[in-house]
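Reader: I should like to learn how the features of a protein model are read. May we go through one together?

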Amino acid sequence: MKELVNLNEKEVVADFDINRHLVSYMLEVPFFAEISRHLHKVADDHCPTAGIAYDRRNDCFTLVYNKKFFGTLTNLQIRNVLTHEFYHFIFKHLTSRRHDPPIMHNI
């Protein structure tokens with residue numbers, strides 16, 4: 001029987017590596033591997049969960065994610081959040097939607 005280890009919040013966050021999750025996911029679903037390849041990944045504590053954004057300065061689409069949030073999720077939950085964000089990119093929600101009012105744009 002495996003013993004459960006109780007990690008404090010700093011250990012969970014410091015240990016989280018999105019690339020480890022992306023690699024295993026992409027090996028199983030090659031379609032999302034191609035989508036992921038087009039997104040720059042940036043950890044940002046100001047983002048409450050995750051999101052896709054366009055970075056004007058670097059002229060690229062970016063997956064912004066909160067390491068603290070992702071560090072609390074199961075592998076399946078992480079995969080579902082990534083899939084959700086990838087679909088925003090696939091369906092051109094950043095480029096084809098009305099941007100005003102901002103709250104409605106984000107829904």
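Author: Let us begin with one pair of residues: the bridge partner of Lys 41 is Leu 63, in strand S3. Here strands are DSSP runs of E with at least two residues, helices are runs of H or I with at least four residues, and both are numbered from the N terminus. This is a predicted model, in which local features need pLDDT of at least 70, side-chain atom pairs count only at pLDDT 80 or more, and totals for chains, interfaces and linings use all residues. Residues are numbered from 1 along each chain as its sequence is written, and side-chain values use heavy atoms, with hydrogens and water left out.

Reader: In which sense do S1 and S3 pair, and over how many bridges?

Author: Two strands pair if DSSP finds at least two bridges between them. S1 and S3 have four bridges and pair in the parallel sense. S2 (residues 50–55) and S3 run antiparallel and are joined by six bridges; Ala 50, for instance, stands opposite Tyr 65 in S3.

Reader: What is the order of the strands in the sheet?

Author: The sheet is open, has three strands in the order S1-S3-S2, and its pairing is mixed. S1 and S2 are the edge strands, since each pairs on one side only. On average, neighbouring strands are turned by 30° against each other, direction ignored. For such angles, axes are lines fitted to C-alpha atoms, for helices over the stretch in contact, and angles run from 0 to 180 degrees between N-to-C directions.

Reader: What connects S2 and S3, and what is the phi of Asp 59?

Author: S2 and S3 form a hairpin with four residues between them, and Asp 59 in the turn has a positive phi of about 55°. Asp 59 counts as exposed because its relative accessibility is 57%. Buried means under 20% relative accessible area, exposed over 50%, and partly exposed in between (1.4 Å probe, protein chains only). Lys 92 also has a positive phi, of about 60°, although it is not a glycine; Lys 92 lies in the loop between H5 and helix H6 (102–106).

Reader: Which residues of helix H2 are buried, and where around the axis do they lie?

Author: An α-helix has 3.6 residues a turn, so residues three or four places apart point the same way. In H2 (residues 18–28), the buried residues are Ile 18, His 21, Leu 22, Tyr 25 and Met 26. They cover an arc of only 125° around the axis, which puts them on the same side of H2; the arc is that of the directions from the helix axis to the C-beta atoms. The face turned away from this buried side carries the exposed residues Arg 20, Val 23, Leu 27 and Glu 28.

Reader: What covers the buried residues of H2?

Author: The cover includes helix H3 (30–37), strand S1 (40–43), strand S3 (60–65) and helix H5 (75–90). Contact means heavy atoms within 4.5 Å.

Reader: At what angle do the axes of H2 and H5 cross?

Author: Two packed helices are described by the angle between their axes and the distance between the axes. The axes of H2 and H5 come within 11 Å and cross at roughly 75°. The two helices are therefore roughly perpendicular to each other, a term for angles of 65 to 115 degrees; under 35 degrees counts as roughly parallel, over 145 as roughly antiparallel, and the rest as oblique. H5 also lies across S2 and S3, running at about 30° to S2.
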